[in-house]
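This report looks at aromatic contacts and strand pairing. The structure comes first, and the details follow.

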Amino acid sequence: CIVACAASPGVAADWQTLFDGGDLSAWRIFGQPLDTPIKWRVEDGAIAGNKSAGNLATKELFADFELELEWKISPGGNSGILFRVDPAAKRPPFSGPEIQVLDDSTHKDGRSLLTTAGALYALYAPAKPVAKPTGQWNVLKLRVQGNRIQSWLNGQLVIEAEIGSVDWNERVAKSKFAREPQFARAPTGVIILQDHGDPVWYRKIRIRRL
């Protein structure tokens, strides 16, 4: 389906594979016709993206969910995992929140804790620096339920946030999203693997609705 499907309240649905190492049938290029060729490659059981591949978006919409995947970034690289992005948004980062994927050691965004690997981009720094060195696989778990966001990186809880809370609103007001009234407002949306122009790899991607 291309609309959000919900499990019964309080019950998690079965895991759904978004990428099994072989094909990209669950994905499309964001903002383009459904049949637009996908330039992201499948190599060694991973989705590989590089310059001008376009943002890779799920065909389905997701509201409350648990997402699990592994990511690996190139030296100096930058990418991200966006969620609840309005499919009609012209600029995805100003629609759905983003979990940062980054080489902290050399990319300029690594200078601020708010934009390091594992951060809820520009809003919440990871509770501890647990990202692995460039070229190694990192394990991400993201849980989004109602307004609550929780994210684990390599088994460590690094992000806890609540959309619309006093703390959230104060952080947004001080951020680049302050003048974006639609930011984090959609109750459902697509999940995006961001094309930021740098080589990046994702694998073992699965999701379940909550």
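## Aromatic pairs

This is a predicted model. Across the whole structure, a search turns up six aromatic pairs. One of them joins Phe65 and Phe83. Their ring centres lie 6.3 Å apart and their planes meet at 75°, so this pair is edge-to-face. The contact links distant parts of the chain. Phe65 belongs to strand S6, while Phe83 belongs to strand S7 (residues 78–85), 18 residues apart. Phe65 and Phe83 are both buried.

Trp168 and Phe183 make a stacked pair. Here the centre-to-centre distance is 6.3 Å, with 10° between the planes. This pair also links distant parts of the chain, 15 residues apart. Trp168 sits in helix H1 (residues 166–173). Phe183 lies in the loop between H1 and strand S12 (190–193).

## Burial and the cluster

How buried are the two stacked rings' residues, Trp168 and Phe183? Trp168 has a relative accessible area of 3%. Phe183 has a relative accessible area of 5%. Buried means under 20%, so Trp168 counts as buried, and so does Phe183.

Trp168 and Phe183 also belong to one aromatic cluster. Its other members are Phe94, Tyr124 and Phe177.

## Strand S6 and its partners

Strand S6 covers residues 65–73. Most of the strand is covered: eight of its nine residues are buried. Phe65, of the edge-to-face pair, is in this strand and is buried.

Which strands does S6 pair with? One is S9 (residues 138–145), which runs antiparallel to S6 and is joined to it by seven bridges. Within that pairing, Leu69 has Leu140 of S9 as its bridge partner. Another is S13 (residues 200–209), also antiparallel to S6, over eight bridges. There, Lys72 is bridged to Trp201 of S13. In a regular strand, side chains alternate between the two faces of the sheet.

## Charges over rings

Two contacts place a charged end over a Trp ring. What is the distance from the charged end of Lys141 to the centre of the Trp152 ring? The charged end of Lys141 sits over that ring, 4.9 Å from its centre.

The other contact involves Arg203 and Trp137. The charged end of Arg203 sits over the Trp137 ring, 3.9 Å from the ring centre.

Note on methods. Residues numbered from 1 in each chain as written. Predicted model: local features only at pLDDT ≥ 70, side-chain atom pairs only at ≥ 80, totals over all residues. Heavy atoms only, no water. Buried < 20%, exposed > 50% of the residue type's maximum accessible area, 1.4 Å probe, protein only. Helix = DSSP H or I, 4+ residues; strand = E, 2+ residues; numbered from the N terminus. Pairing = 2+ DSSP bridges. Phe/Tyr/Trp six-rings, centres within 6.5 Å; stacked < 30°, edge-to-face > 60°. Lys NZ or Arg CZ within 6 Å of the ring centre and 35° of its normal.
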